[in-house]
Amino acid sequence: MTKSPYDAIARLYDPWSASVVEDVSFYVDEALAAGGDVVELGVGTGRIAIPTALAGAHVIGVDSSAEMLAVCAERARQAGVGAQLDLRLGDLRRPPVDERVPLVTCPFRAYLHLRDDEERLQALRAARGLLRPGGRLVFDVFTPSREDVEETDGRWLEREPGIEERADWDLRAQTLTLSVRGKDGASSMTLWWIEPERWHSLLAEAGFDVLACYGWFDRRPFAGGEDSVWIAARR
Ligand SMILES: C[S@@+](CC[C@H](N)C(=O)[O-])C[C@H]1O[C@@H](n2cnc3c(N)ncnc32)[C@H](O)[C@@H]1O
């Protein structure tokens with residue numbers, strides 16, 4: 001596995017994302033409703049996988065960062081759910097998973113690490129291949145607003161105490177170069193965004209029916225905001 005930009009910030013990731021809590025109960029509820037094993041693509045440090053395991057589900061977590069997985073394993077052990085988390089180093093476009101499950105998730109915008117439609121389709125088809133017939137893929141992504149871009153572009157901003165984040169937006173290429181620095185690490189990574197309509201078309205092309213597109217984790221309907229939360233069923 002090639003080095004991931006997340007390796008250098010594995011110890012910074014949890015304090016960096018400390019205020020991101022709104023999606024946790026949403027994904028836990030989806031796991032409980034699915035009533036079987038969950039595959040989480042881009043599982044990271046287990047921010048969602050650990051509460052999901054604590055709620056009683058078994059989670060297969062895939063991530064391309066060995067360091068993020070190491071933190072996840074440590075946290076899972078501390079939480080007493082080490083046995084319910086099966087962590088695997090691998091690429092979400094070719095997940096090292098033979099099991100077939102009722103639910104595949106890809107939380108917190110991890111699909112924005114895919115650079116073009118070819119990679120997106122590869123990833124969506126791979127997710128579909130992990131699902132039992134009728135199983136669901138649930139993920140969230142964002143499409144930035146002009147105001148967000150204008151407010152943040154090229155500036156280091158304190159996101160959490162002692163942790164700074166900088167967004168460099170390229171509106172033509174639709175890329176965000178996201179940098180973070182703190183006492184426990186620093187890194188920079190590129191995210192590629194697309195319009196929600198495009199996600200809809202790609203899901204259809206990859207063999208999914210879109211059951212819902214929400215504008216937030218409280219399940220309000222998508223109404224053109226920055227965030228979109230997708231529930232798609234294997235056709
Ligand atoms: C924003 S973090 C989300 C982590 C976790 N799901 C959460 O909600 O906190 C994105 C994660 O996706 C992983 N990732 C990025 N590209 C990947 C790829 N191609 N295959 C597998 N994992 C990937 C990163 O290593 C990182 O852990």
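In which handedness of crossing does helix 5 pass helix 7? Before the answer, it should be said that this is a predicted model, in which local features need pLDDT of at least 70 and side-chain atom pairs count only at pLDDT 80 or more, while totals for chains, interfaces and linings use all residues. Residues are numbered from 1 along each chain as its sequence is written, and side-chain values use heavy atoms, with hydrogens and water left out.

Helix 5 (residues 117-130) packs with helix 7 (residues 196-205) at an angle of about 50°, their axes lying 9 Å apart. The two are therefore oblique to each other, a word for angles that are not under 35 degrees, over 145 or from 65 to 115. Helix 5 passes helix 7 in a right-handed crossing, meaning that the near helix is turned clockwise from the far one by less than a right angle.

Turning to the ligand, 20 residues surround it (a heavy atom within 4 Å), the closest being Tyr 13, Gly 42, Arg 47, Asp 63 and Leu 92. Among the polar contacts (N or O pairs within 3.5 Å), a polar side-chain atom of Asp 63 lies 2.6 Å from a ligand oxygen atom, whereas one of Glu 40 lies 2.8 Å from a ligand nitrogen atom. Of the 590 Å² that the ligand exposes when taken alone, the protein buries 94%, by the Shrake-Rupley method with a 1.4 Å probe.

Key
A polar contact is a pair of N or O atoms within 3.5 Å; within protein, one must be able to donate a hydrogen and the other to accept it, and residues adjacent in sequence count only if both atoms are side-chain atoms. Axes are lines fitted to C-alpha atoms, for helices over the stretch in contact, and angles run from 0 to 180 degrees between N-to-C directions. Helices (H or I, at least four residues) and strands (E, at least two) are DSSP runs, numbered from the N terminus.
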